[in-house]
Amino acid sequence: MMEQYAIKGGNPLVGEVEIGGAKNAALAILAASVMTDETVMIENMPDVRDTNVLLQAISSIGGIVERIDRHTVKINGSQIHDLVIDGDYIKKIRASYYLLGALLGKYKKAEVALPGGCNIGSRPIDQHLKGFRALGAEVNIAHGLIIAQADTLRGNHIYMDVVTVGATINVMMAAVMAEGMTIIENAAKEPHVVDLANFLNSMGANIKGAGTDVIRIRGVAKLHRTEYAIIPDQIEAGTFMFAAAVTKGDITVKNVIPKHLESISAKLLEIGCEIEESDDAVRVVASRKLRHTHVKTLPYPGFPTDMQPQIAVALGLSNGTSIVTESIFENRFKYVDELARMGGSVKVEGNTAIINGVERYTGASITAPDLRAGAALVLAGLAAEGFTTIDEIRYIERGYEDFPQKLKSLGAQIELVDTDKALQKFKLCAG
Ligand code: EPZ
């Protein structure tokens with residue numbers, strides 16, 4: 001049997017949990033770290049599948065990667081001998097395409113396999129390519145590869161047709177050593193875009209305006225060594241905050257930046273939870289029945305699309321009818337069918353889910369359709385009456401470090417099992 005999570009639901013989750021470094025900041029920063037020939041030390045890196053695969057990709061082209069501990073790594077890009085990123089790295093994590101911006105920016109040439117769509121939508125990269133071309137790169141797609149090269153990269157005024165995190169990050173990296181000024185209009189404002197800009201500036205880049213929709217990048221000749229700690233993961237934090245909501249628990253997420261959680265805290269207040277903020281922690285107490293509400297996912301600082309499945313699971317247990325509108329991706333409701341097996345009552349019409357609150361979920365055997373939906377279905381299992389098993393947990397391990405362990409420390413009955421015997425043992429002990 002493949003590895004799965006076994007869960008016995010019904011326990012209110014209570015206690016404190018330390019939040020790790022932000023996966024989506026780490027992926028951009030790890031890619032950018034090869035842009036200098038000096039050594040970069042990165043701390044507070046989450047030890048998850050996605051970051052470990054990207055480190056392998058960096059080693060595969062000649063980057064020197066020295067793992068100090070689970071969360072600290074030293075990278076030196078001076079020995080990079082290959083500018084072609086192998087296809088199966090892209091298949092494992094799309095964000096390997098950040099190496100396109102980093103290598104193009106440093107070596108004026110790079111080849112990366114074209115990332116496919118994934119299970120939350122088609123996810124085109126036209127804005128990435130538009131940005132590279134605006135900087136003077138010749139970009140061709142042949143045999144499933146993106147080939148980008150330039151004699152020189154020159155700063156330009158680039159207007160993003162959609163707000164896109166990935167393209168903002170990729171174009172920023174391609175521009176940091178271009179000649180002259182680059183202006184990115186309609187830029188993404190996510191905390192991880194700001195974290196990358198701060199990281200690059202600590203290496204000697206000259207980036208202003210990150211976190212607003214106009215980013216100005218004055219090209220510099222070289223980047224140098226730095227030591228940098230990655231910001232906390234607002235989506236991991238939000239996932240644990242909603243774990244309190246669905247289990248009627250009391251959870252304090254620690255090592256967070258409350259400002260990054262504002263839209264999440266606001267929605268939790270709206271549906272009846274109590275929120276207590278301190279400078280690096282947020283406490284969520286959920287004692288009464290949750291209230292219904294409406295939510296629409298938006299680019300930061302709006303409610304994040306990566307929290308859409310989690311709030312939908314919570315609203316599925318609230319009184320009344322809620323509406324969840326997914327405005328970023330076109331296919332991010334695949335968990336609804338799994339939730340129906342647990343008694344959830346959700347109807348999807350286009351990019352909107354109409355959620356009728358039910359009294360309770362009941363445990364079932366379900367499958368994680370993608371990373372965030374998988375995490376949301378764990379929350380449903382924790383709230384449900386009885387036993388739940390979740391398959392395809394590899395998706396969840398892409399973005400959540402020690403997820404079962406952290407949940408168990410809050411009182412959850414959850415185990416990672418990989419044999420029927422282990423599953424029976426869990427059911428006997430947890431029963
Ligand atoms: C990043 O994906 C994150 N991934 C996603 O998190 C997150 O959901 C997303 O940003 C939105 O916040 C990483 O950071 C590795 P986008 P990305 O470019 O960069 C369209 C997770 O769970 N678009 O902001 O791919 C696109 O189709 C993952 O950790 C274009 O049309 O997202 C989408 O509709 C899931 N053309 C919208 O923009 C382009 O060239 C936003 O995409 C690029 C994007």
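How many helices and strands does the protein chain have? The protein chain has 15 helices and 24 strands, where a helix is a DSSP run of H or I with at least four residues and a strand is a run of E with at least two, both numbered from the N terminus. This is a predicted model, in which local features need pLDDT of at least 70 and side-chain atom pairs count only at pLDDT 80 or more, while totals for chains, interfaces and linings use all residues. Residues are numbered from 1 along each chain as its sequence is written, and side-chain values use heavy atoms, with hydrogens and water left out.

The radius of gyration of the protein chain, taken over C-alpha atoms, is 22 Å, close to the 22 Å that the globule rule (2.2 Å times the number of residues to the power 0.38) gives for 431 residues, so the chain is as compact as a globular protein of that length. Of these 431 residues, 58% count as buried, meaning under 20% relative accessible area with a 1.4 Å probe and protein chains only.

Turning to the ligand, 25 residues surround it, and those that come nearest are Gln127, Thr164, Val165, Asp306 and Ile328; a residue is counted as near if one of its heavy atoms lies within 4 Å. Polar contacts, which are pairs of N or O atoms within 3.5 Å, link oxygen atoms of the ligand to a polar side-chain atom of Lys23 at 3.0 Å, to a side-chain N or O atom of Asn24 at 3.1 Å and to a backbone N or O atom of Pro124 at 3.4 Å.

Definitions and conventions: Polar contact = N/O pair within 3.5 Å; in protein donor to acceptor, adjacent residues only side chain to side chain. Buried < 20%, exposed > 50% of the residue type's maximum accessible area, 1.4 Å probe, protein only.
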